[in-house]
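Biologist: Could you take a close look at one part of this structure for me and walk me through what sits around it? I'd like one connected answer rather than a list.

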Amino acid sequence: MQSLNHLPTHRQIADLVRNKLVKKLHLELGEFDFGDAPEGITWHGLEYKIMTHNGIKFYGQVRTGTEVSEGRVVSLGRDGSLSIGWWKDDTPCGFGRIIYPDGRAYYQGEWLDGMQHGIGYEVTSKGSTYLGEFENGWKQGLGQRINSKGERRFGLWKKDCIIEP
């Protein structure tokens with residue numbers, strides 16, 4: 001585990017990303033705004049570190065004297081994905097963004113226990129978008145999907161399927 005003085009900047013993150021498609025989308029999306037810390041994360045007892053777990057490289061805050069990610073974190077996945085956001089107890093929790101390895105698909109929004117949960121915006125590799133509610137990783141609640149042809153579906157969603165237009 002190596003010490004850091006601060007989280008990498010937007011440009012420094014781009015320089016860390018090896019996947020050219022992910023790097024391009026990261027730069028296009030612009031600076032990530034962390035917003036407010038989720039409930040339960042305090043600034044006391046956190047330090048910045050660089051560490052690797054199971055092939056995933058982490059840059060960010062950990063509980064002092066541990067390797068437990070908590071606070072603002074940037075992670076580079078083995079698969080080439082890039083994740084930026086709040087973490088608690090080693091999992092995404094709070095507001096965050098993930099860019100998937102194909103460099104076209106991404107999700108930005110709320111997370112809970114490592115899953116999309118709350119309000120979020122998703123772009124798929126096929127070009128469709130969804131803006132709305134997520135629950136335990138599923139599109140669930142009110143939301144709108146626009147497919148790659150521009151066709152819109154707004155309504156109530158359950159487990160990724162629209163049930164009530």
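**A close look at Thr-129**

Modeller: Thr-129 is buried, because its relative accessible area comes to just 18% and buried means under 20%. Keep in mind that this is a predicted model. Thr-129 belongs to strand E9, which covers residues 129-135. Leaving aside residues up to four places away in sequence, Thr-129 is in contact with Tyr-121, Glu-122, Val-123, Gln-144, Arg-145 and Ile-146.

Let's follow one of those contacts, Glu-122. Glu-122 is buried, and Lys-139 is buried as well. The two side chains form a salt bridge, with 2.8 Å from N to O. Glu-122 sits in strand E8 (residues 115-123) and Lys-139 in strand E10, so this pair ties together parts that are 17 residues apart in sequence.

Strand E10 runs over residues 138-146 and also holds Leu-142. With a relative accessible area of 47%, Leu-142 is partly exposed, because that value lies between the 20% and 50% limits. Leu-142 joins Phe-154, Leu-156 and Ile-163 in a nonpolar surface patch of about 380 Å².

Back to the charges: the whole structure has 7 salt bridges. Another of them pairs Glu-70 with Arg-63, where the closest N and O atoms are 2.8 Å apart. Glu-70 is buried at 7% relative accessibility, while Arg-63 is partly exposed at 29%. Those two don't stand alone, as Arg-63, Glu-70 and Asp-89 are linked in a network of salt bridges. Then there's Glu-47 with Lys-49, whose closest N and O atoms are 3.7 Å apart; that still counts as a salt bridge because the cut-off is 4 Å. Here Glu-47 is partly exposed at 23% relative accessibility, and Lys-49 is buried at 11%.

A couple of backbone spots deserve a look too. Most residues other than glycine have a negative phi. Asn-54 has a positive one of about 50°, and it is not a glycine. You'll find Asn-54 in the loop between strand E2 (46-53) and strand E3 (56-63). Its relative accessibility is 68%, so Asn-54 counts as exposed, the limit being over 50%. Asp-90 is another non-glycine residue with a positive phi, this time near 70°. Asp-90 is placed in the loop between strand E5 (82-88) and strand E6 (91-99). Asp-90 is partly exposed, with a relative accessible area of 34%.

Last, the cysteines. A disulfide is a covalent bond between the sulfur atoms of two cysteines. The structure holds 0 disulfides. Cys-93 is buried, with 13% relative accessible area, whereas Cys-161 is partly exposed at 46%.

To pull it back to where you asked me to look: Thr-129 is a buried residue in strand E9. Among its contacts is Glu-122, which has a salt bridge to Lys-139. Lys-139 is in strand E10, and that strand also carries Leu-142, a member of the nonpolar surface patch.

Conventions
Residues numbered from 1 in each chain as written. Predicted model: local features only at pLDDT ≥ 70, side-chain atom pairs only at ≥ 80, totals over all residues. Heavy atoms only, no water. Patch = residues over 30% accessible without salt bridge, like charges linked within 9 Å, V, L, I, M, F, W, Y side chains within 5 Å. Areas by Shrake-Rupley, 256 points an atom, 1.4 Å probe, with all protein chains shown as cover. Helix = DSSP H or I, 4+ residues; strand = E, 2+ residues; numbered from the N terminus. Buried < 20%, exposed > 50% of the residue type's maximum accessible area, 1.4 Å probe, protein only. Disulfide = S-S within 2.5 Å. Contact = heavy atoms within 4.5 Å.
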